[in-house]
Amino acid sequence: MRHLRFLPVLWVLALGNHTPAMAQTTTDRRAILGTLTRQTTDWNAGRVDAFMNGYWPSDSLTFVGKGGITYGYEATLANYRKRYPDRESMGTLAFTILKLEFPGKNVAYVIGKWHLTRPKVGDAGGHFTLLWEKKKGRWLIVSDHSS
């Protein structure tokens with residue numbers, strides 16, 4: 001019977017350990033989804049440089065696409081500019097988020113679909129997996145695998 005008096009204390013401690021993590025996850029989820037919303041807005045306004053603000057500005061950024069692996073922020077930006085040289089080729093971007101999870105502290109991944117509506121050159125689309133890391137308080141895409 002003496003052990004039962006500690007049960008409410010253990011229960012409160014257990015709940016206390018989970019509550020902050022859930023609050024942080026909600027805040028982090030909003031931050032990531034907000035970045036994806038801003039990227040969509042920037043893309044649809046023809047602002048490729050602003051669209052890239054969601055990516056880690058590092059030579060260690062990786063982008064895996066149909067053409068293989070690209071390493072680095074500048075090389076990834078150059079590929080976007082080459083593949084989408086004008087508003088007509090950029091079209092109107094829409095993301096559909098299928099999964100957003102946090103497998104560890106300061107790490108997240110997003111699985112989704114992308115679609116470009118392009119009346120003159122034909123629509124395009126596919127799927128993506130984004131690996132995110134929280135760096136200096138900011139969520140950034142560190143690896144993008146899009147097809």
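Is Asp-42 buried or exposed? In this predicted model, Asp-42 is buried, its relative accessible area being 13%. The value falls below the 20% limit under which a residue is classed as buried.

The side chain of Asp-42 takes part in a salt bridge with that of Arg-47, with an N to O distance of 2.7 Å. Its partner, Arg-47, has a relative accessibility of 40% and is therefore classed as partly exposed. This ion pair thus joins a buried carboxylate to a partly exposed Arg side chain.

In total, five salt bridges are counted in the model. One of them links the side chains of Asp-28 and Lys-134, with 3.1 Å from N to O. Asp-28 belongs to helix H1, which spans residues 7–44, whereas Lys-134 belongs to strand E5, which spans residues 124–135, so this contact ties together parts of the chain that are 106 residues apart in sequence. The acidic member of the pair, Asp-28, is buried at 5% relative accessibility. Lys-134, by contrast, is partly exposed, with a relative accessible area of 25%.

A further salt bridge is formed by Glu-133 and Lys-135, whose closest N and O atoms lie 2.9 Å apart. Both members of this pair are partly exposed: Glu-133 has a relative accessibility of 28%, and Lys-135 has one of 24%.

Attention then turns to the open space in the model. The largest pocket encloses about 540 Å³. Its lining comprises 27 residues, and those nearest the centre of the pocket are Phe-63, Tyr-80, Arg-83, Tyr-84 and Ser-146. By residue class, the lining consists of 14 nonpolar, nine polar and four charged residues.

Several secondary-structure elements contribute to this lining. At least two residues each come from helices H1 and H3 (73–83), and likewise from strands E1 (62–65), E2 (68–71), E3 (92–104), E4 (107–117), E5 and E6 (138–146). Among the contributors, H3 gives the most, supplying five residues.

Two of the elements that line the pocket, H1 and E5, are also those that carry the salt-bridged residues Asp-28 and Lys-134, respectively. The pair formed by Asp-28 and Lys-134 thus connects two elements that each supply at least two residues to the lining of the largest pocket.

Note on methods
Residues numbered from 1 in each chain as written. Predicted model: local features only at pLDDT ≥ 70, side-chain atom pairs only at ≥ 80, totals over all residues. Heavy atoms only, no water. Salt bridge = Lys/Arg side-chain N within 4 Å of Asp/Glu carboxyl O. Helix = DSSP H or I, 4+ residues; strand = E, 2+ residues; numbered from the N terminus. Buried < 20%, exposed > 50% of the residue type's maximum accessible area, 1.4 Å probe, protein only. 1 Å grid on protein atoms, 1.4 Å probe; cavity = no way out; pocket = protein on both sides within 12 Å on 5 of 7 lines; lining within 4 Å. Points joined across faces, edges and corners; volume = space filled by probe spheres on them. Nonpolar A, V, L, I, M, F, W, Y, C, P; charged D, E, K, R; others polar.
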